[in-house]
Amino acid sequence: MTPLTQTSVDEHAGPRTSGAQVLTAALCWSSVILEGFDLVTLGAVIPALLGTEHLGFTPSSATLLATMSLVGVGVGASLVGPISDRLGRRVAVIGSVLLFSVFTLLQPLATSVAMFTILRFVAGVGLGAVQPVALTIMSEVTPPKHKAKATTVTMTGYHLGAVLASLFALASGHQWTLLFYVGGGLGLVLAVLQFFALPDSRPQHSGAEKLPLSALLSRPYRRASIGTWVGAFMGLLLVYGLLTWLPQIMKSAGYSLDSSLVMLFVMNVGAVVGLLLAGWIADTKGIRPSALVWFALSAVFLALLSIRFTHTLALNAVVFVTGVFVFSAMTLIYALVAHLYPSDIRGTAMGLTSGIGRLGSIAGPMVTGALVANGLGHPWGFWFFAVVAVLGLVALLTVPADPPAPLGHHAADRSTLDSSATPDDHGSNAAVDDRDNSLFTDDRPATGR
C-alpha cells in the first residue's frame with residue numbers, strides 16, 4: 001500500500017481529489033463519529049445503572065465512572081501524539097479504534113463497579129486518541145487553502161454520532177447493554193476497514209534529527225503551544241459544560257423540561273451549521289482571525305442567554321446562534337494547530353492540545369454543576385460561560401497567525417526560503433505552510449492561512 005508521502009504524489013499534478021483521498025477522509029470522519037456516539041451512550045446508560053442498581057452503582061460511583069471516562073480520554077489524547085509522529089498516523093488511529101472497541105464491548109460483562117470503571121477508563125484512552133490523529137491526517141491530506149474546512153467538516157461527525165446514539169438509545173429502551181455492543185461493534189468494523197483501506201501517513205522530517213516533545217515549549221513554538229493549550233481548555237470547558245447542563249440550567253430559569261431538551265437539540269443543529277460556516281470563513285479570511293471572532297461572538301451570545309426570554313422563537317434563535325459559534329470556536333483551535341506546526345511534530349502538538357483541552361471538559365461540568373446545585377445556574381451559569389469565552393479569546397491573541405521558522409533552520413536558510421515565497425494578503429508564507437503537505441501538491445503557491 002502506497003504511503004501518504006510526498007514521494008507518492010505527482011508533483012506536477014493539480015490538487016485533484018482521488019478516490020483514495022476521499023476514502024481516507026471518510027474513514028477519518030467515521031472515526032470522529034465514535035466519540036459523539038460514545039458521549040451520548042454514557043449519558044443514556046448512567047440513569048439505567050442507577051435505576052436498576054446494576055453491580056451496586058450509586059450516584060457517587062456513577063460520578064466517578066463519568067470522571068474516569070473523561071480522564072481516560074485526556075490521557076489518550078496526550079499520549080497518542082508522539083506515537084503517531086514516530087510510528088505513523090495509520091498505526092496510531094487503527095490501534096486507538098481497536099482499544100476503544102474491545103474495551104467498550106467488555107464493559108457490559110463487568111462483574112463489579114470497580115471493573116466497570118477500569119474498563120471505561122481504558123476505553124476512554126482509546127477514544128481520546130482517535131480524534132487528534134484523525135484531525136492530523138485530515139490536515140495532511142488537504143490543500144493548505146482548505147485546512148480549516150477539513151477540520152470543521154471532520155468534526156461534524158461528532159454531532160452526527162451523538163444524534164445516532166440518541167436515536168438508538170430511544171429505540172433500545174431498557175436494553176442499555178446494546179449501546180455498548182453497537183458502539184464497540186461498529187468500532188471493530190471501522191478498524192478492519194482502516195486496516196485494508198487507510199494508506200500510511202508518516203510525518204515528513206525536515207532533517208536527520210527528530211524533534212523532541214520539549215520542542216513544543218522551545219522558542220519557535222512556545223507562544224503557539226501555550227496559547228492554544230489555554231484556548232483549548234476554555235473551548236472544551238464551554239462545550240462540555242453546555243452539553244451536560246444546558247437543559248437543567250434552562251429548567252431552573254423557569255422553562256419547561258421539554259423546551260429545555262428542544263434547546264439542546266437546537267444548539268446541536270447550530271453547531272453543525274457553525275462548523276461548516278467556520279471552515280469556509282477561516283479558509284477565506286484566515287484561521288486565527290476567524291477563531292478570535294468566533295470566541296468573541298460566543299461570549300456575546302452566551303451572555304444574552306442570561307436574559308429570561310418570553311418569546312420562544314427569539315429564545316431558540318439565540319440558542320441556535322450560540323451553538324453556531326461555541327462549538328466551532330473550539331474546532332478552529334485544532335485547525336490553527338494543524339496550520340502552525342510542521343508534520344514531524346504536528347501529531348504531538350495536536351494530541352497535547354486535545355489532552356489539555358480535556359481537562360476543561362472535566363472542569364466545565366463540575367463548575368457548572370456546582371452553580372446549579374447552589375441555585376445559581378441561571379443567570380450565573382451563562383455569565384460564567386461568557387467569561388470563559390473571553391479568556392479563550394485572550395489566549396488566542398497571544399498565538400501567532402503564521403507558522404514560525406522550524407527548529408534547526410539557520411538564518412541563511414530562512415532568508416532563502418523567505419525570498420522564494422510570496423506572502424499572501426494575510427502575511428502568511430506559502431512555502432512555509434506547504435512544506436509538509438503530503439497528499440496534495442501543486443506547482444502554484446498555496447495560501448497558508
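**Exercise 1. Contacts along the chain**

Find what share of the contacts with a separation of 6 or more is made by residues 24 or more positions apart.

*Solution.* In this predicted model, begin with the contacts in the chain whose separation is 6 or more, and then keep those between residues 24 or more positions apart, which account for 83%. Next, place this figure beside the make-up of the chain, which holds 14 helices and 0 strands. As a last step, turn to burial: of the 449 residues, 55% count as buried, the cut-off being under 20% relative accessible area.

**Exercise 2. The course of α7**

Work out whether the span of α7 agrees or disagrees with the value expected at 1.5 Å a residue.

*Solution.* First, take the 31 residues of α7, which at 1.5 Å a residue should span 45 Å. Then compare the end C-alpha atoms, which are 43 Å apart, so the two values agree. Now look along the helix for a change in direction: α7 bends by about 60° at W245, and the proline P247 follows within four residues. Finally, step past the end of α7 to G254, whose phi is positive, near 110°.

**Exercise 3. The largest cavity**

Determine which elements give two or more residues to the lining of the largest cavity.

*Solution.* Start with the space itself, since the largest cavity holds about 140 Å³. Of the 14 residues that line this cavity, M155, Y158, L236, V239 and T331 are the closest to its centre. Assigning the lining to elements gives α5 (147-172), α7 (222-252) and α10 (312-340) as those with two or more residues, and α10 provides the largest share, 4 residues. Sorted by class, the lining has 9 nonpolar, 3 polar and 2 charged residues.

Notes
Residues numbered from 1 in each chain as written. Predicted model: local features only at pLDDT ≥ 70, side-chain atom pairs only at ≥ 80, totals over all residues. Heavy atoms only, no water. 1 Å grid on protein atoms, 1.4 Å probe; cavity = no way out; pocket = protein on both sides within 12 Å on 5 of 7 lines; lining within 4 Å. Points joined across faces, edges and corners; volume = space filled by probe spheres on them. Nonpolar A, V, L, I, M, F, W, Y, C, P; charged D, E, K, R; others polar. Expected span 1.5 Å × (residues − 1). Bend = angle between axes of the 7 residues up to and from the residue. Buried < 20%, exposed > 50% of the residue type's maximum accessible area, 1.4 Å probe, protein only. Contact = heavy atoms within 4.5 Å.
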